[in-house]
Amino acid sequence: MKYIVSLLMVFVGLANSIAQNINWSQMANTTWHLQGVYDSNGNIIQHSNEELIFHDCKVNSEGIASINFTWDNLPMGGKISGGQMNARRNQFVIFDLPDEKSAEYFLISDWDRVSQNMTIVDQWGLKRIFKCDKTIPLGAGFTADPTPFIKDADEILKLTDKGWDFLEKGNNDQAYTNLLEAARTGEPRANVGLYYMGENGLLKQYNDTDPTTFLYKAANSYNAMALAEVGIIHKRHARWGKAFTALRLSASKGYRFAQIFLGRYIYWGLMNFYHGETGPVEAASMMQAASEGEDGDPEALFWMGVFYHEGYGVEKSSVRSLDCFRRSAEKGSCKAQYFLGNAYYDKSNKLGVDQDYTKAFKYLNDFVNNQNDFWKEYDNNDSEERAAYGLAYRNLSAMYRFGRGCTANSKKAEEMTRLAEQYGNPEAQNIHNWLFGPKN
């Protein structure tokens, strides 16, 4: 996808340079290979082998060039092919979606004649350094055009925030209006918002654009939320290389969703090809980061309980394992509630806790009344979901029948029995093995 550039972020750096305009005709029939991507702090970002190829070029009497180009091997997928670019001095703008008045802007902020490196800066501080396959005598500097093409960055972010607020309130018309206006400038969060609207069938009344178009635009601007979503899409299609790249980039930005998913995938052995012996340590490190603090994610806490229980990437500790499970359950994790409930019910539990029907009843009752989707992160594995609820209802039935951990109630016991039969009635050990047994 494409990366938007605002002149406003680079004017100061360019104002003091002795500059000359780019002769865009010199750019025709050149191929530029990506050397590196850097964030606003100068840190290197993992990237793909992007190629920016300029084809034919025409310059009008006003010095504005029209260039056909191809931008291929984008980090998260997709390819810009045959698009037209209108250029003025060192700026170039891409008009892409035919049904919308959308445009994306770039600024070449630096040119190294010796190395033939060209630096392209985007609105959000992201820098891409490209190297040409041949020598191009374009000069040493550039002239900044004082006329800004796009809205102020703060204004764009305000539009995006309003769009998300309207979306959360169910005002789809206002959400679409605000998000689209911000997305036309390439704002990543606005594109993610439009993607979510499309995924929920809320875009059909406005346009027929494939919602993943918006998602990939945001992901190729290295938006953490979009990167994580793209990673999950690639995972579903078993494109493990791209899934790993997207999730790892997102996780490196501190996005908990990606940290949790990537940590789980490594644990399950799905990323061993990329991690080898370092996989457990990296998985535990990401899961730990997502679980820390008062606002630690309950899902991450559950998996830290698993890791401490097995000594996976961390030193084995039954005390820390149990603490993670308990904190996860208190924060509403279905899996933690389920596992603790069955562990306290069954004295042969793997956690080594003493049998305690009062705690077993509390956790299992919390589990069956939890509104969260128990197996949603397992791609809605219906058979496992039925087995899990079947075991929980079976144990609750026994506790109601014999007054273990609760007041005896024959009617509730019969109700739990019916539900256990409806959802299946697996043995406890089968579920325990599924949660903690060998990974395929």
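Here is an informal walk through the structure above, from the overall make-up down to single residues. Keep in mind that this is a predicted model.

Let's start with the chain as a whole. Helices number 17 and strands nine, and of the 440 residues, 51% are buried. Take the contacts with a separation of 6 or more, and 59% of them turn out to join residues 24 or more positions apart.

A good place to zoom in is helix α6, which spans residues 224-236. Two of its residues are worth a look. Alanine 226 sits in α6 and is buried, with a relative accessible area of 0%. What does alanine 226 touch, once residues up to four places away in sequence are set aside? The answer is Val192, Leu215, Ala218 and Ala219. For Val192 there is a backbone distance to go with the contact: the C-alpha atoms of alanine 226 and valine 192 are 6.2 Å apart, although their positions lie 34 residues apart along the chain. Further along α6 comes valine 230, also at 0% relative accessibility and therefore buried under the 20% cut-off. Alanine 218 turns up again here, since its C-alpha atom is 9.8 Å from that of valine 230, with the two residues twelve apart along the chain.

Moving on from α6, you reach the loop between α6 and α7, and in it alanine 238. Its phi is positive, about 60°, even though the residue is not a glycine. Alanine 238 is partly exposed, at a relative accessible area of 49%. Asparagine 29 does something similar: this non-glycine residue has a positive phi of about 60°. Asparagine 29 is in the loop between α1 (11-15) and β1 (30-38), and with a relative accessible area of 60% it is exposed. Why do these two get different labels? Exposed means over 50%, with partly exposed lying between that and 20%, so the 49% of alanine 238 makes it partly exposed, while the 60% of asparagine 29 makes it exposed.

Now for the aromatics. How many aromatic pairs does the structure hold? There are 20. One of them joins tyrosine 195 and tyrosine 196, with ring centres 5.5 Å apart and planes at 50°, a tilted arrangement. Tyrosine 195 is buried, at 4% relative accessible area. Another pair is tryptophan 240 with tyrosine 265: here the ring centres are 6.3 Å apart and the planes meet at 80°, so the pair is edge-to-face. Tryptophan 240 belongs to helix α7 (residues 240-252) and tyrosine 265 to helix α8 (residues 256-267), so the pair ties together parts 25 residues apart in sequence. The two partners differ in exposure: tryptophan 240 is partly exposed at 23%, whereas tyrosine 265 is buried at 2%.

Charged side chains meet rings as well. Arginine 264 lies over the face of phenylalanine 261, 4.5 Å from the ring centre. Lysine 335 does likewise with phenylalanine 302, at 5.3 Å from the ring centre.

Next, look at helices α12 (residues 318-330) and α13 (residues 334-345), whose axes come within 8 Å and cross at roughly 120°. That angle makes α12 oblique to α13. As for handedness, the crossing is left-handed. On the α12 side the contact is made by Leu322, Phe325, Arg326, Ser328 and Ala329, and on the α13 side by Ala336, Gln337, Phe339, Leu340 and Tyr344.

Finally, compare two loop residues. Glutamine 116 is in the loop between β7 (103-112) and β8 (117-121). Is glutamine 116 buried or exposed? With a relative accessible area of 6%, glutamine 116 is buried. Setting aside neighbours within four places in sequence, glutamine 116 contacts Trp32, Trp111, Phe130, Lys131, Cys132, Lys134, Thr135 and Ile136. Glutamate 277, by contrast, is exposed, with a relative accessible area of 80%. You'll find glutamate 277 in the loop between α9 (272-275) and α10 (279-291). Its C-alpha atom is 9.9 Å from that of glycine 313, a residue 36 positions away in sequence.

Notes:
Residues are numbered from 1 along each chain as its sequence is written. This is a predicted model: local features need pLDDT of at least 70, side-chain atom pairs count only at pLDDT 80 or more; totals for chains, interfaces and linings use all residues. Side-chain values use heavy atoms; hydrogens and water are left out. Rings of Phe, Tyr and Trp (its six-membered ring) pair if their centres lie within 6.5 Å; planes under 30 degrees apart count as stacked, over 60 as edge-to-face and the rest as tilted. Buried means under 20% relative accessible area, exposed over 50%, partly exposed in between (1.4 Å probe, protein chains only). Helices (H or I, at least four residues) and strands (E, at least two) are DSSP runs, numbered from the N terminus. A charge sits over a ring if NZ of Lys or CZ of Arg is within 6 Å of the ring centre and within 35 degrees of the ring normal. Axes are lines fitted to C-alpha atoms, for helices over the stretch in contact, and angles run from 0 to 180 degrees between N-to-C directions. Angles under 35 degrees count as roughly parallel, over 145 as roughly antiparallel, 65 to 115 as roughly perpendicular and the rest as oblique. A crossing is left-handed if the near helix is turned anticlockwise from the far one by less than a right angle, and right-handed if clockwise. Contact means heavy atoms within 4.5 Å.
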